[in-house]
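Trainee: I am new to this structure and would like to learn how its descriptions are justified. Could we go through it together?

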Amino acid sequence: MSNKVMIVSGGASGLGLAAAEKFAKNGYNIVLIDINDEKGKQAEAKIKGMGVDAVYCHCDISNSAQVQQAAKTTKDRFGRADVLINNAGLEVRGSILQCSEEDWIRLYDINLKGIYYMSKAFAPIMIDQGKGAIVNTGSILGYRTVGERAAYSSSKGAIDTLTRTMAFDLAQNNIRVNCVVPGAIDTPLLRGSINDSPDPAGTEAFLGSKSVFGRMGTSAEVANVMYFLASDDASFVTGAAYFVDGGWSIM
Ligand SMILES: NC(=O)c1ccc[n+]([C@@H]2O[C@H](COP(=O)([O-])OP(=O)(O)OC[C@H]3O[C@@H](n4cnc5c(N)ncnc54)[C@H](O)[C@@H]3O)[C@@H](O)[C@H]2O)c1
């Protein structure tokens, strides 16, 4: 059992919860950051049940004061921050003609400014320790177009660039920064999107066809790669965009 600490945004559900479980299995104490209090508390109980310590922080990552409070809670409770998984994200459908200015701003506030606030709040703890690892969650839609995702796709493409600039700048502090690029992963977010579509069965078949394996991925398959990228096994990996997309990007 280690005393290492992993912080994950969007930790109450989907990829974030799977990451929390993967790190907890490997002895990390977990800080779950989310805005869904019901699912956040459930996730906290689930992770504690795995024999490590966990704390749920209600924190909107687009709110600087709330992020700073979450960093303070982490420091007070655990005194460390070894791994930060910047995972929470918002998807809004629409072309530039359809997307409202309000939705555009909200999405960018969460998907990009959220990573900036979180990293700015937690990196200093890693710097004091002399080491750290950050993993950002991008998306295949930052590289491939499915239509009517102007804000989402462009924000996810920017996460790739942000990852590389952070990796370059934070290398001097012995902090590695990488991003995972998931394809279609069967999470509550994607399940909701499938069910809301005019043809759920057709949408599910379409998403399955976007992998050379003919299926969607699981949250655990992404969490395994997040864990690898944050671990010392990836000690010479930084600034990378690591595709976990079942081959969507080679099609
Ligand atoms: N599921 C996929 O197929 C897929 C593919 C590519 C990328 N992604 C990305 O993976 C990440 C996680 O998505 P998921 O599929 O697990 O979704 P999810 O809806 O299952 O989980 C997302 C979590 O983030 C939380 N959240 C939303 N806004 C927040 C905010 N402002 N502050 C804090 N928490 C917030 C939600 O409450 C939720 O618990 C997102 O960045 C998403 O864009 C998902």
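Trainee: Which residue is the bridge partner of Leu32 in strand 3?

Mentor: Welcome! Keep in mind that this is a predicted model. In strand 3, Leu32 has Tyr56 as its bridge partner.

Trainee: What makes strand 2 and strand 3 a pair?

Mentor: Pairing takes at least two bridges between the strands. Strand 2 and strand 3 (residues 54–58) have five bridges, in the parallel sense, so they count as paired.

Trainee: How do you know that strand 1 and strand 4 pair?

Mentor: The reasoning is alike. Strand 1 (residues 5–9) and strand 4 share three bridges and are parallel; the cut-off is at least two, so they pair. Val8 has Ile85 as its bridge partner in strand 4, and Leu32 as its partner in strand 2.

Trainee: Why is the crossover from strand 1 to strand 2 called right-handed?

Mentor: Point the strands away from you: a clockwise path from the first strand over the helix to the second earns that name. Here the chain goes from strand 1 through helix 1 to strand 2, and the crossover is right-handed, so its path runs clockwise in that view.

Trainee: Why is strand 2 described as mostly covered?

Mentor: A residue is buried if 20 or more other C-beta atoms lie within 10 Å of its own. In strand 2, six of six residues are buried, so each of them reaches that cut-off. Asn29, Val31 and Ile33 point one way, while Ile30, Leu32 and Asp34 point the other way.

Terms used. Residues are numbered from 1 along each chain as its sequence is written. This is a predicted model: local features need pLDDT of at least 70, side-chain atom pairs count only at pLDDT 80 or more; totals for chains, interfaces and linings use all residues. Helices (H or I, at least four residues) and strands (E, at least two) are DSSP runs, numbered from the N terminus. A residue is buried if 20 or more other C-beta atoms lie within 10 Å of its own, exposed if 12 or fewer, and partly exposed in between; C-beta atoms are placed from the backbone.
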